[in-house]
Amino acid sequence: MDITVVGRNAEISSRLRNYIEEKATKVEQFDPRVQRVEVEVTHERNPRQADTAERAEITVISKGPIIRAEATSSDRFAAFDIAMGKLTERLRRARDRKKNHRRYAVVAAPSAEAPAPEEVVIPETDDAPIEDSPSAPTKHGVAVEAQLGDSPVIVRQKLYEAVPMTVDEALYQMELVGHPFYLFIEKASKQPCAVYHRHGWTYGVIRLDAQVL
């Protein structure tokens with residue numbers, strides 16, 4: 001398992017790196033198939049945001065779904081610990097869901113005509129430099145940042161491979177990455193969709209009917 005630690009507006013000390021690597025190794029206890037753990041530490045320079053100036057984002061890439069967690073604090077170590085706690089809970093939830101699926105799964109007889117499973121290729125995730133003008137990224141998992149004209153607005157884009165899924169699967173993926181919404185291609189209709197949190201235990205689905213001009 002590879003562990004990468006990068007900083008944005010933040011210098012990663014050897015003490016922090018060793019601390020993160022030691023804690024991140026526990027991921028294998030929940031997912032033995034994990035291939036890479038990526039940790040990004042960001043420092044917010046705005047003094048008005050001192051209480052949340054340090055942000056830690058942890059991403060687990062394995063042969064299963066991508067699982068992510070993030071947290072903020074006034075201290076980098078605390079931000080990482082909070083994010084690690086969230087990540088651990090999501091890893092445990094994913095492991096339990098996998099066990100339940102295996103318990104009730106119907107095993108099909110092997111077929112000579114069945115195609116061999118495709119090898120999963122994990123893209124590199126080293127961020128690209130800021131570009132002079134906005135443009136769509138072409139490499140999976142690589143962030144492309146661009147400034148809008150002379151304004152201070154920075155747009156960060158990432159390209160992901162979309163695997164068609166059901167609404168239920170999209171909700172599950174949304175919980176694993178800890179986002180309030182999740183974009184996906186709906187399996188039955190092939191429509192671009194987004195699921196999102198509304199309030200309580202209710203969710204919404206936005207569907208796009210793409211019109212080709």
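**Fold and nonpolar cores of the predicted chain**

In this predicted model, residues 24 or more positions apart account for 37% of the contacts with a separation of 6 or more in the chain. The chain contains three helices and nine strands, and from the N terminus on these elements follow the order β-α-β-β-β-α-β-β-α-β-β-β. Of the 213 residues in the chain, 29% are buried. The accessible surface of the chain comes to about 14,300 Å², and carbon and sulfur atoms contribute 53% of that area.

Four strands form an open sheet in the order E1-E2-E3-E4, and the pairing within this sheet is mixed. Strand E1 (2–8) and strand E4 (67–73) occupy the edges; each has a single partner strand, so one side of each is left without a neighbour in the sheet. From one strand to the next, the twist averages 15°. Strand E2 (residues 36–43) is paired with strand E3 (residues 54–61) in the antiparallel sense, and eight bridges join the two. Within this pair, Val37 stands opposite Val60 in E3. Helix H1 (residues 14–24) lies across E1 and E2, and the direction of H1 is at about 140° to that of E1.

In soluble globular proteins, nonpolar side chains tend to be buried together. In the present model, the largest nonpolar core comprises 27 residues. The residues with the most contacts inside this core are Val27, Val37, Val39, Ile58, Val60 and Leu87. Two or more residues are given to the core by each of H1, E2, E3, E4, helix H2 (76–104) and helix H3 (167–177). Among these elements, H2 gives the most, with eight residues.

The surroundings of Ile58 illustrate the packing in this region. When residues up to four places away in sequence are not counted, Ile58 touches Val37, Glu38 and Val39, as well as Ile67, Arg68 and Ala69. The list of residues touched by Ile58 is completed by Phe80, Ala83, Met84 and Leu87. Val37, Val39 and Leu87, which are thus in contact with Ile58, are also among the residues with the most contacts inside the largest core. A second core, separate from the largest one, has eight residues, including Met165, Ala170, Val177 and Cys193.

How values were computed
Residues numbered from 1 in each chain as written. Predicted model: local features only at pLDDT ≥ 70, side-chain atom pairs only at ≥ 80, totals over all residues. Heavy atoms only, no water. Buried < 20%, exposed > 50% of the residue type's maximum accessible area, 1.4 Å probe, protein only. Contact = heavy atoms within 4.5 Å. Areas by Shrake-Rupley, 256 points an atom, 1.4 Å probe, with all protein chains shown as cover. Pairing = 2+ DSSP bridges. Axes fitted to C-alpha atoms, helices over the stretch in contact; angles between N-to-C directions. Core = buried A, V, L, I, M, F, W, Y, C linked by side-chain atoms within 4.5 Å.
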